Amino acid sequence: MGRVDRIAEPWGSRTPYGRGEPWPVRVDTHLADGVRPDQVDRWVRSASVLHSNGDALDIAVRDGRIVGVRGRAEDRVNHRRLDPKDLYAWQAVAAPDRLTTPMIRENGKLVETDWDTAMDRVVRRTRDLLDEQGPGAIGFYTTGQLFLEEYYTLAVIAHGGIGTNHLDGNTRLCTATAAAALKESFGCDGQPGSYTDIDHADTIALYGHNMAATQPVLWSRVLDRLAGPEPPALICVDPRDTPVARAATVHLAPRPGTNLALMNGLLHEIVGNGWTDPDYLERHTVGYDDLRERVKEYPPERASVICDVPVEDIRHAARLLGTGERLLSTVLQGFYQSHQATAAAVQVNNIHLVRGMLGRPGCGVLQMNGQPTAENTRECGADGDLPGFRNWANDDHVAEIARLWNIEPNRLPHYGPPTHAMKIFRYAEQGSLRMLWISGTNPAVSLPELARIRAVLAREGLFLVVQDLYPTETTALADVVLPAAGWAEKTGTFTNADRTVHLSDKAVEPPGLARSDLDIFLDYARRLDLRDKDGDPLVKWHDPESAFRAWQECSRGRPCDYTGLSHDLLRTAPSGIQWPCTADHPDGTERLYADGAFWSAPDVCESYGRDMITGAPAEPVEYRALNPDGKAVIRDAGYLPPHEQPSDDYPFALITGRTLYHFHTRTKTGRTPELRAAAPEVWVEICRADAEPLGIGEGDRVDITTPRGTVRARARVGGIRPGVLFLPFHYGYWDTGDGTGPGEGPGRAANELTLTDWDPVSKQPLFKTAAAALHRVAPAGGPAPAPPATATSPGHVNRSNRSNGNSGVSEDSEDSGVCEDSGVSP
Ligand SMILES: Nc1nc2c(c(=O)[nH]1)N[C@H]1C(S)=C(S)[C@@H](COP(=O)(O)OP(=O)(O)OC[C@H]3O[C@@H](n4cnc5c(=O)[nH]c(N)nc54)[C@H](O)[C@@H]3O)O[C@H]1N2
Ligand SMILES: Nc1nc2c(c(=O)[nH]1)N[C@H]1C(S)=C(S)[C@@H](COP(=O)(O)OP(=O)(O)OC[C@H]3O[C@@H](n4cnc5c(=O)[nH]c(N)nc54)[C@H](O)[C@@H]3O)O[C@H]1N2
Ligand SMILES: [Mo]
């Protein structure tokens, strides 16, 4: 059995397989130093919450504490593999600085208190604001990291109880565009594809998706196909020389913010060469004629100039996309976090529609999720949409929810689209929103333009409640801090990016007085005495299982139908199960839209669509005229340049994103020794041609400045396209055990630099567009602290290295744990 250092080799060893074969199992497990498997008391069923891949795992418990994890062999998602974050970050559950008691602000300082005092304060403020101003004074900003049962409860409280329209998740920053693109094309949210499409595809295209870093287990599946017989062609669209780009058959590295022009150029070739499926188009779609006319404006020569991508590369990619017989596409933040996000993501759907490539093995679209439970935020309506993918503009859908919750329909806010997160913060800034309850997100690091966000959160007139596991940059600004029980400390379900539902069981007790988010929300509803129209309690459940049953009723008959599932089934079934799962389909559903049957008829669709350029919602009558028979909708759009462009003062295009070893604002991975050591500090990626004239060498300290602020980082001179800078966004200022200390030092957070602007359709903010200046501050003391295995390597020139990755050598490996990686098939 080989033992592999999984910090140095994050994708582990290869288990090659051929097209249509099952993906072999490989054992990934990690136990604390000195603990042998036979010393584990219990293995508790769960799945990873550090990405949307949904890797199934069992938690090892000994003497009431977590001592490790192992991947679950039978699960359809990961076949026993785990990635480095999964293997190590469980240690953060027992971090010494967990929040263990509620806190309230007294004379400017947060002081410890009991639950009664803290909750009374929250409830009193809620009542006062409802009396004084009404529900519009109150907002909720939640996450993609709680459990399904918690989101549904929060949605009922906010929409059905308080009656506010101001409810959203940080999914707005994350998967709002995925949801919007699915609604625009297919009438309804819901992921068409399946991970098993990787097993069958002959062509795989990754659009703005660094899967190697952000879904390493799924990337292992791709690497194993690439290493086997009949490997698929791989297309990568990313301005950086990522491991995906290095493994690609064609790497298109567009100028940031030009995705739509590139997509129109690709579709120009696909349409122009007749690589379409006229029969599918005729039977299953509307809108093709407009697309055909639109893409005539984008011959590859024009796309090449806008995107600065060689024209022959566009043609090459288009030929692969146009002639493959089993095409799988994935889309993520390189597309979603930009100014024409939905319009660009929809063109990926369009490629599948014009080629008739949906609902068959190998032919899938994965408009990816990012966070582990973002799918549930959307399904349950904790992103402000109506639960069960219902349509806020359809009175029948509103009446259905009102019936289910036993309230009058007019108590449900549906006079306009739900308030999106960026607007919730605007209302807080302007003073009309006076109470904001934040759960499971750290906006003081993750929202754009942090100087502004800090000022909003610290506003005198805003009553701020923050519910988290750890002290964070955001809890520091709160009026009330509520200590939550997290993953492994509570039971609940969640759904990954390919609709696989897993149960995560409670394995250990939460620290101190910490309580599950579900218990906190239920307690709030009880203390507020929320009632239905018969005077009975509005929230009629009391634990995860009864909450799940309530949600099942809400999901009945909708695309995300959970009625065939139960906690017990998910606890005992060998694998997670994909929704819809019903009495008729008890094993779940591998792919949606198998026979061109979409959820897009006017009476059932989740959305009547929006204008691709302005984002204005369409009227019901317009949609009925466009799509009376419930087909897929092909939507076209012309390219517009990003609002903030490089200039003389700010000559670089700044993009931001992730490293494999950290999760977001590092509240968990920063408290995990192996992961902290693997990527200890912020760095900035810059290409050699840009670095040399500025006198910048590898590892030098530089300042990156935009009109919003400055970040100091060390330079990684390597594979990124000229004129572009990349910053990982993980590094806030809070002390997570790495000695930075609250408030010390110059800015490290990428969002000091980003701007307040969003995609007009999905309202997702633009984390991947800003104009920046760069200055050398001090010389190097060695190479930049960028992880060698995954970041662009020092000295790499863009597109210079096309190996399949997996060859990185970690300089930090002496700190890192070793786990088993046997590379054997079952
Ligand atoms: N290790 C790790 N994994 C994670 C997470 C994490 O924090 N750490 N977070 C999870 C979450 S919530 C999410 S949303 C996902 C995100 O997963 P990804 O979207 O894969 O990650 P990002 O690094 O944000 O962005 C992907 C790529 O977009 C490229 N890009 C930037 N601008 C453009 C552009 O204009 N066009 C194109 N085509 N590409 C561009 C960047 O170079 C980057 O490589 O990851 C999930 N998985
Ligand atoms: N510049 C830039 N900014 C970005 C992005 C980018 O690419 N570039 N990406 C954006 C994206 S896609 C995302 S998803 C966001 C992520 O941004 P955030 O959501 O702010 O990031 P996290 O660090 O995951 O914060 C989650 C918080 O929830 C807490 N938490 C975890 N589990 C639980 C739980 O069970 N209960 C409670 N109550 N709390 C819990 C964690 O301790 C942590 O403080 O960042 C966005 N911001
Ligand atoms: Mo995300």
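Helices are DSSP runs of type H or I with at least four residues, numbered from the N terminus.

**Figure 1. Helix H4 and the residue that follows it in the predicted model.** Helix H4 covers residues 176-186. Just after H4, Gly-187 has a positive phi of about 85 degrees. Helix H4 is mostly covered, with eleven of its eleven residues buried. Among them are Lys-183 and Glu-184, along with Leu-182 and Phe-186.

**Figure 2. The packing partners of helix H4.** The buried residues of H4 pack against three helices and two strands: helix H14 (333-336), helix H15 (341-354) and helix H16 (374-380), together with strand E15 (364-367) and strand E23 (632-633).

**Figure 3. Asp-197 in helix H5.** Helix H5 takes in residues 197-200, and Asp-197 lies in it. Asp-197 counts as buried because its relative accessibility is 0%, and buried means under 20%. The side chain of Asp-197 makes a polar contact with the side chain of Arg-591, at 2.7 Å. Neighbours within four places in sequence aside, Asp-197 is also in contact with Leu-328, Arg-360, Pro-361, Gly-362, Cys-363 and Gly-364.

**Figure 4. The whole protein, as a setting for the close-up views.** The protein has 26 helices and 30 strands. Its C-alpha trace spans about 70 × 65 × 60 Å along the principal axes. The radius of gyration is 25 Å, which agrees with the value near 28 Å for a compact globule of 826 residues. Buried residues make up 67% of the 826 residues. Of the contacts with a separation of 6 or more, 76% are between residues 24 or more positions apart.

Notes:
Residues are numbered from 1 along each chain as its sequence is written. Chains are lettered from A and ligands numbered from 1 in the order in which they are written. This is a predicted model: local features need pLDDT of at least 70, side-chain atom pairs count only at pLDDT 80 or more; totals for chains, interfaces and linings use all residues. Side-chain values use heavy atoms; hydrogens and water are left out. Buried means under 20% relative accessible area, exposed over 50%, partly exposed in between (1.4 Å probe, protein chains only). A polar contact is a pair of N or O atoms within 3.5 Å; within protein, one must be able to donate a hydrogen and the other to accept it, and residues adjacent in sequence count only if both atoms are side-chain atoms. Contact means heavy atoms within 4.5 Å. The radius of gyration is taken over C-alpha atoms; the globule rule is 2.2 Å times the number of residues to the power 0.38.
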